[in-house]
Amino acid sequence: MNQRFPIHGAVALLGAAIVLVAAAAFAETPLLISLEAQKRIIDSPGVPVIGATSPDVVVVEYFDFNCPFCRKLAPSIRALVKTDSTVAVVYKDWPIFGGVSVYAARCALAAQWQGQYDKAHDALISAPRLSQNDQVDETLLHVGIDVGRIHRDLQQHGAEIEALLTRNSDEARALGIRGTPGILVARQTISNIADLADLQAAVANARIAHP
């Protein structure tokens, strides 16, 4: 004979399921930050901003060069800037994958003293997974960046670079971002961004919600 749940047991299970769904939805609710908090994040970000000089929407990405999802998303971020002339993107180096990631982030940030942050970023995020510091150097050399100068700038500007990395980490954690890529579109954190369509939808929503 087939066993059946008693009615009260079924109701209890249904109630538990509703609670779990509601909890999951709450956990995934995007964080809406204040205008003041947004201003602190995007003002003087420590790296060149790409895209529009007077944007109506600013996208911030907290990323790690060795994060596979960041690598997958990188072409979509570049495409967003190319296809939307009123969007700007701010990259926030957040090396959470360990030693080589930290070295890569430091080198990319040091490259800005020779006006090459964007080139360094694109080269490192597009390279094969970075497993050794020498691989970082070789990747930068390949695109014409002076690695000797990077090493000198790492020494000369080390305190500034470390302060920026600390700031980025503090921001990401304050936003409740648990991993990379962490995306802030205008004033809202967005999860599950996977491609250009997701980015465009988030930007369009930001224009409607926060004109």
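These are my notebook entries on a predicted model, from the overall fold down to a pair of cysteines.

**Overall layout.** I started with the secondary structure and found nine helices and five strands. Going along the sequence, I wrote the pattern down as α-α-β-β-α-β-α-α-α-α-α-β-β-α. Then I checked burial: 44% of the 211 residues count as buried. The accessible surface came out at about 11,500 Å², with carbon and sulfur atoms holding 58% of that. I also looked at contact range. Among contacts with a separation of 6 or more, 78% are between residues 24 or more positions apart.

**The sheet.** Next I traced the strand order, which is E1-E3-E2-E4-E5 in an open sheet with mixed pairing. Strand E1 (50-51) and strand E5 (188-190) sit at the edges, each pairing on one side only. I then went through the pairing of E2 (residues 57-63) with E4 (residues 182-185): it is antiparallel and runs over four bridges. In that region I noted Glu 61 opposite Ile 183 of E4. Helix H9 (residues 196-209) packs on the sheet, and I found it touching E2, E3 (87-93), E4 and E5. The direction of H9 makes about 135 degrees with that of E2.

**Nonpolar cores.** I asked myself which residues have the most contacts inside the largest nonpolar core. They are Val 59, Val 136 and Leu 140, in a core of 48 residues. Helix H4 (residues 99-110) gives the largest share of this core, eight residues. A second core, separate from that one, has twelve residues, including Ile 41, Val 60, Tyr 62 and Ala 172. Back at Leu 140, I listed its contacts beyond the neighbours within four places in sequence: Cys 107, Ala 120, Leu 124, Ile 145, Val 147 and Ile 150.

**Cys 67 and Cys 70.** Last, I looked for disulfides. How many disulfides does the count come to? It comes to zero. I wanted to know why Cys 67 makes no bond. Its closest cysteine sulfur is the one in Cys 70, at 3.1 Å, and a disulfide needs the two sulfur atoms within 2.5 Å, so the pair is too far for a bond. From the side of Cys 70 I got the matching answer: Cys 67 holds the closest cysteine sulfur, again at 3.1 Å. I checked whether these two cysteines are buried or exposed. Cys 67 is buried, at 1% relative accessible area, and Cys 70 is buried too, at 0%.

How values were computed
Residues are numbered from 1 along each chain as its sequence is written. This is a predicted model: local features need pLDDT of at least 70, side-chain atom pairs count only at pLDDT 80 or more; totals for chains, interfaces and linings use all residues. Side-chain values use heavy atoms; hydrogens and water are left out. Buried means under 20% relative accessible area, exposed over 50%, partly exposed in between (1.4 Å probe, protein chains only). A nonpolar core is a set of buried Ala, Val, Leu, Ile, Met, Phe, Trp, Tyr and Cys residues joined through side-chain atoms within 4.5 Å. Helices (H or I, at least four residues) and strands (E, at least two) are DSSP runs, numbered from the N terminus. Contact means heavy atoms within 4.5 Å. Two strands pair if DSSP finds at least two bridges between them. Axes are lines fitted to C-alpha atoms, for helices over the stretch in contact, and angles run from 0 to 180 degrees between N-to-C directions. Accessible areas come from the Shrake-Rupley method with a 1.4 Å probe; for residues, only the protein chains shown count as cover.
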